[in-house]
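Got the viewer open? Load the model, switch to a cartoon view and follow along, one selection at a time.

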Amino acid sequence: MADTLTGLFQHTVKVFSENADESQSKPMSAYMRDQFPFLGIKAQKRRELQKDIAKETGYKNRPFCEEFVYTLWRLPEREYQYFAVDYLISKSRALQRDHINLLEDLITTKSWWDTVDALASNVVGTLCIRYPNIRHKEIVQFSESGNIWLIRTAILFQLKYKNKTDTDLLADVIERHSETGEFFIDKAIGWALRQYARTDEEWVLEFLNTHTLAPLSIREAEKHLKRI
């Protein structure tokens with residue numbers, strides 16, 4: 001497996017490096033407030049390259065490889081973390097319960113909204129459907145951690161749940177963090193409520209009428225409400 005992983009990693013770096021675009025790297029980094037360096041490969045092009053890598057190496061047909069994720073995550077350029085996230089999404093239904101520890105590592109390392117949100121709604125959310133007890137253990141721990149990115153994950157992991165949303169848990173996490181004054185948390189609260197309103201507008205209206213939330217959270221939550 002080491003040789004296979006090494007070959008896949010080296011091929012990935014070769015392909016990405018050959019397609020780097022310096023004219024795009026600085027604007028892309030600036031968009032992310034210069035949190036990370038970029039190769040300058042835009043999302044559509046990067047995904048095309050990832051498809052080519054999949055065809056050439058067959059990596060998607062192999063069992064999930066945690067070390068491949070960590071190897072990509074350790075590289076400085078942000079496109080490699082995006083590849084890791086896409087890989088995790090493609091393998092999300094193959095992940096095991098203990099992989100919540102891997103996801104926690106990724107959420108708390110090289111953290112920014114771009115990777116955290118994708119992991120929360122597409123990978124953590126899927127894992128919690130398959131292993132519901134994660135919601136009442138690790139997700140609660142995330143909410144109580146004091147780490148804004150774990151808290152944001154606890155708020156957003158149910159974004160795609162629709163009528164399967166655990167509203168008691170959603171309400172508890174929001175209530176716990178509604179007065180933090182942290183932009184990324186206030187924004188997430190509004191986003192979660194706005195999304196759930198598509199399923200149960202009455203619940204969201206009642207929640208807004210009975211809770212004190214940050215103005216940002218309220219603005220985000222009310223964006224698509226028919227009755228406010």
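Start with the whole protein chain, coloured by burial if your viewer can do that: buried residues make up 53% of its 228 residues. Keep in mind that this is a predicted model.

Stay zoomed out for a moment. The cartoon shows 14 helices and 0 strands, so reading from the N terminus you meet one α element after another. The chain's radius of gyration is 19 Å, close to the 17 Å that the globule rule gives for 228 residues, so the chain is as compact as a globular protein of that length. If you turn it along the principal axes, the C-alpha atoms fill a box of roughly 55 × 40 × 30 Å. Now show the surface: its accessible area comes to about 11500 Å², and 48% of that belongs to carbon and sulfur atoms. As for contacts with a separation of 6 or more, 69% are between residues 24 or more positions apart.

Next, select helix α5, residues 78-90. Is this helix enclosed or open? Of its 13 residues, 10 are buried, so α5 is largely enclosed by the rest of the structure. Among the buried ones are Arg 78, Tyr 80, Phe 83 and Tyr 87. Try the distance tool on the end C-alpha atoms of α5: they are 19 Å apart, which agrees with the 18 Å that 13 residues should span at 1.5 Å a residue.

Now show the aromatic side chains. The structure holds 16 aromatic pairs. Pick Phe 16 and Tyr 80 to begin with: their ring centres are 5.2 Å apart and their planes sit at 20 degrees, so this pair is stacked. Phe 16 belongs to helix α1 (residues 2-18) and Tyr 80 to α5, so the pair ties together parts that are 64 residues apart in sequence. Both Phe 16 and Tyr 80 are buried.

For a contrasting geometry, jump to Tyr 196 and Trp 203. Here the ring centres are 5.5 Å apart and the planes are at 85 degrees, so the pair is edge-to-face. Tyr 196 is buried, with a relative accessible area of 10%.

Go back to Phe 16 and Tyr 80, and add Tyr 59, Phe 64, Phe 68, Phe 83 and Tyr 87 to the selection: ring pairs link these residues into a cluster.

Last stop: Arg 78, one of the buried residues of α5. What does Arg 78 lie over? Show Phe 36 as well, and you'll find Arg 78 over the face of its ring, at 3.7 Å from the ring centre.

Notes:
Residues numbered from 1 in each chain as written. Predicted model: local features only at pLDDT ≥ 70, side-chain atom pairs only at ≥ 80, totals over all residues. Heavy atoms only, no water. Phe/Tyr/Trp six-rings, centres within 6.5 Å; stacked < 30°, edge-to-face > 60°. Helix = DSSP H or I, 4+ residues; strand = E, 2+ residues; numbered from the N terminus. Buried < 20%, exposed > 50% of the residue type's maximum accessible area, 1.4 Å probe, protein only. Lys NZ or Arg CZ within 6 Å of the ring centre and 35° of its normal. Expected span 1.5 Å × (residues − 1). Rg over C-alpha atoms; globule rule 2.2 N^0.38 Å. Contact = heavy atoms within 4.5 Å. Areas by Shrake-Rupley, 256 points an atom, 1.4 Å probe, with all protein chains shown as cover.
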